[in-house]
Amino acid sequence: MYPLRRNRRLRQSQAIRHLVRETIITPSDFLVPLFVVEGKGVKEAIPSMPNYYRYSLDVLAKEVKELWHMGLCGVLVFVKVPEALKDNAGTEALNPKGLMQRAVKTIKDACPDMLVMTDVALDPYSSYGHDGIVEDQKILNDETVEVLAEMALSHAEAGADFVAPSDMMDGRILSIREALEEAGYTDTGIMSYSAKYASAFYGPFRDALDSAPGFGDKTSYQMDPANRFEAVEEAQADVDEGADIIMVKPGICYLDIVREIKNEIDVPIAVYQVSGEYAMVKAAAEKGWLDHDAVMMEQLLAIKRAGANIIASYFAKDVVKLMG
Ligand code: PBG
């Protein structure tokens, strides 16, 4: 009680503030999302994601070496699939020589110890831009899950350390875990996008991969931003089905969900600070309306303080550079 207790004593110098600081961001907190395209020598700007690029495989090899030297030891790989290879069933996703499968090999060849996680979802491969097989404007669940299990297996065969299903079909974690176990990939992990909301913050990502839904939206499979309790259920179900890591996505608007899950479930939690969150900070900073680095660090601290053990973020390199 005041005056015996004065909280400002612990804030009066940088030294004491640092001594009592509870949350510290380090390079090993991050997963770096990577966008991969066909071609040679390609480093393609993404207009709605300033200072972020799509890489062809040769440039990707250099990029992952650079990440590794910066202390960034995990990547989350996404591919931009040529339009001509897209169909309703996502057939190209299973091609052992597909872009994702080659990207995994490229990264492992360039940087064998880099932790490689692959996105498992049909949308970049789907002629409808949906995360599942479409029939009569509906997204089929069980048929999609079968393809996702095969897709995950194909990524494991290519050398992925973890597969990261981002589709939100019911039951996919169990099917993927069983497919991996049966094929002997007992060490291949699963990071499940468990509480993935139907968010408007994914816009720039869909520009990056040209994967926007061709009709309707994703509200019949991604979660309603208005809901809380089903997030815990989704996460628990995924853990029961065999997920090693669960994810909440997007970040900043959903930190109550992160904390709720953290309080209930004892597995590592990843938070995906998504493309729209990145774009907002970049845009405001470009206009001189916000201090880029300060806002970036404040948001990342908030994500970690809420309970994230892992942060997938387009800011990863910016942060490491800032830390010097
Ligand atoms: C799709 C997927 C999306 C993101 C990751 N995986 C977009 C979507 O669901 O439409 C978004 C990531 C971001 O916005 O940064 N399976």
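A: Start with a definition. Rings of Phe, Tyr and Trp pair if their centres lie within 6.5 Å. Keep in mind that this model is predicted.

Q: How many aromatic pairs does a search of the whole structure find?
A: The search finds 15 aromatic pairs.

Q: How is a pair of aromatic rings described?
A: Two values are used: the distance of the centres and the angle of the planes. Take Y52 and Y314. Their ring centres are 4.9 Å apart, and their planes stand at 90 degrees. Planes over 60 degrees apart count as edge-to-face. So the pair of Y52 and Y314 is edge-to-face.

Q: Where in the chain do Y52 and Y314 lie?
A: Y52 is in the loop between strand 2 (43-45) and strand 3 (53-55). Y314 is in the loop between strand 12 (310-313) and helix 11 (316-323). The pair therefore ties together parts that are 262 residues apart in sequence.

Q: Which residues are closest to the ligand?
A: Y314 appears again here. The closest are R206, K218, K249, S275 and Y314. In total, 17 residues surround the ligand.

Q: How do the residues of that shell divide?
A: Sort them by type. The shell around the ligand has 8 nonpolar, 3 polar and 6 charged residues.

Q: Which side chains have an N or O atom 2.8 Å from a ligand atom?
A: Look at S166 and K196. The S166 side chain places an N or O atom 2.8 Å from a ligand nitrogen. For K196, the partner is a ligand oxygen, also at 2.8 Å. In R206, a side-chain N or O atom is 2.7 Å from a ligand oxygen.

Q: What share of the ligand does the protein bury?
A: Taken alone, the ligand exposes 410 Å². The protein buries 100% of that.

Q: Where does the ligand sit?
A: The ligand sits in the largest cavity.

Key. Residues numbered from 1 in each chain as written. Predicted model: local features only at pLDDT ≥ 70, side-chain atom pairs only at ≥ 80, totals over all residues. Heavy atoms only, no water. Near = heavy atom within 4 Å. Polar contact = N/O pair within 3.5 Å; in protein donor to acceptor, adjacent residues only side chain to side chain. Areas by Shrake-Rupley, 256 points an atom, 1.4 Å probe, with all protein chains shown as cover. 1 Å grid on protein atoms, 1.4 Å probe; cavity = no way out; pocket = protein on both sides within 12 Å on 5 of 7 lines; lining within 4 Å. Sits in = over half its atoms within 2 Å of the grid points. Nonpolar A, V, L, I, M, F, W, Y, C, P; charged D, E, K, R; others polar. Phe/Tyr/Trp six-rings, centres within 6.5 Å; stacked < 30°, edge-to-face > 60°. Helix = DSSP H or I, 4+ residues; strand = E, 2+ residues; numbered from the N terminus.
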